[in-house]
Every structure is written in C-alpha cells, then in structure tokens.
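Here is a short briefing to read with the model open beside you. It goes through the core, the surface, the cysteines and one aromatic residue.

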Amino acid sequence: MDFGAVFTKEFLLNWRGRLNRAQYWAFAIMYIGVAVVLSLVEGLIGTGGILGGLFGLAMLYPAICIGIRRWHDRDKSGWWTLIALLPIIGFLWVFIECGCLKGSEGENRFGPDPLATSA
C-alpha cells in the first residue's frame with residue numbers, strides 16, 4: 001500500500017466509494033501519531049490543549065469521510081458512522097467492524113473492491 005496516498009486531498013475529503021482496512025489503519029496511525037506529538041509539544045510549551053483541539057477540529061471532516069468509506073467497504077450505509085457516538089459500545093463496534101473485519105469481496109453497491117483495483 002502507498003502510505004503517501006493517505007495525505008492526498010482526494011483520500012481525506014472524499015466520502016464516496018470504499019476504503020480497505022490497510023488504508024483505514026494508515027489514517028488512524030497517522031492521526032494518533034500527530035495527536036501524540038502535539039500532546040508532547042503542548043506539554044513542553046504549555047498551551048493547554050489548544051493545538052490538539054485545533055488539530056481535532058481540522059481532522060473532524062476527514063475522519064468522518066474515512067469512516068463512511070470504510071463502512072461502505074463493509075457494504076453498509078455511511079450512517080453507521082454515527083454508532084461511534086454510543087459510549088463504550090460504539091467504540092467497540094467501530095473497532096471490530098471497521099478495524100478488524102474484512103470488507104465485502106467484489107463489487108458492492110458503493111463501488112468496486114479496493115483490493116481488486118489496487119492489485
């Protein structure tokens with residue numbers, strides 16, 4: 001997988017189509033890594049969480065788009081992204097469905113299989 005593709009405008013801001021697990025995890029690892037670095041920087045300079053808050057706000061729409069495309073790969077509506085709002089159960093559900101389970105094989109109603117087109 002081309003991890004450089006994670007940082008393109010098309011990858012981050014498009015909610016149509018499908019996204020495989022590797023791409024989903026590449027985004028998640030990048031997001032967590034930047035959040036950790038920002039936390040360390042804020043601890044050193046004492047900004048009180050402003051940088052992390054701005055980063056979280058800036059990444060809200062891209063994170064929603066990524067989630068929608070991952071649900072599409074599971075052949076489910078992007079509205080399933082809202083299940084993350086449920087305390088504890090929502091996080092676990094999203095982690096299992098989007099992070100652990102394979103997407104539907106072959107073409108589905110949201111587009112071609114991302115693994116088949118990237119091979």
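The notes below are grouped by topic, after a word on how the values were obtained.

This is a predicted model, where local features need pLDDT of at least 70, side-chain atom pairs count only at pLDDT 80 or more, and totals for chains, interfaces and linings use all residues. Residues are numbered from 1 along each chain as its sequence is written, and side-chain values use heavy atoms, leaving out hydrogens and water.

**The nonpolar core**
- The largest nonpolar core has 14 residues, and those touching the most other members are Phe 11, Tyr 24, Phe 27, Ile 66 and Val 94.
- Such a core is a set of buried Ala, Val, Leu, Ile, Met, Phe, Trp, Tyr and Cys residues joined through side-chain atoms within 4.5 Å; buried means under 20% relative accessible area, exposed over 50%, and partly exposed in between (1.4 Å probe, protein chains only).
- Two or more residues of this core come from each of helix 1 (9-13), helix 2 (21-45), helix 4 (60-73) and helix 5 (89-100).
- Helix 2 supplies the largest share of the core, 4 residues.
- Helices here are DSSP runs (H or I, at least four residues), numbered from the N terminus.

**The nonpolar surface**
- A nonpolar patch of about 1200 Å² lies on the surface, and its members include Trp 25, Ile 29, Trp 80, Leu 86 and Trp 93.
- Patch residues have over 30% relative accessible area and no salt bridge, with nonpolar side chains (Val, Leu, Ile, Met, Phe, Trp, Tyr) joined within 5 Å; a salt bridge is a side-chain nitrogen of Lys or Arg within 4 Å of a carboxyl oxygen of Asp or Glu.
- Helix 5 gives the most to the patch, with 6 residues.
- Ile 89, a patch member, lies in helix 5 and is exposed, with a relative accessible area of 55%.

**The cysteines**
- You will find 0 disulfides in the structure, a disulfide being a pair of cysteine sulfur atoms within 2.5 Å.
- For Cys 65, the nearest cysteine sulfur belongs to Cys 98 and is 14 Å away; Cys 65 is buried, at 1% relative accessible area.
- For Cys 100, the nearest cysteine sulfur is also that of Cys 98, 9.7 Å away; Cys 100 is partly exposed, at 36% relative accessible area.

**Phe 55**
- Phe 55 sits in helix 3 (residues 50-58) and is buried, with a relative accessible area of 15%.
- Leaving aside residues up to four places away in sequence, Phe 55 touches Tyr 31, Val 34, Ala 35 and Leu 38, where contact means heavy atoms within 4.5 Å.
- The C-alpha atoms of Phe 55 and Leu 86 are separated by 23 Å, and the two residues are 31 residues apart along the chain.

Definitions and conventions:
Patches are made of residues with over 30% relative accessible area and no salt bridge: like charges are joined within 9 Å, nonpolar side chains (Val, Leu, Ile, Met, Phe, Trp, Tyr) within 5 Å. Accessible areas come from the Shrake-Rupley method with a 1.4 Å probe; for residues, only the protein chains shown count as cover.
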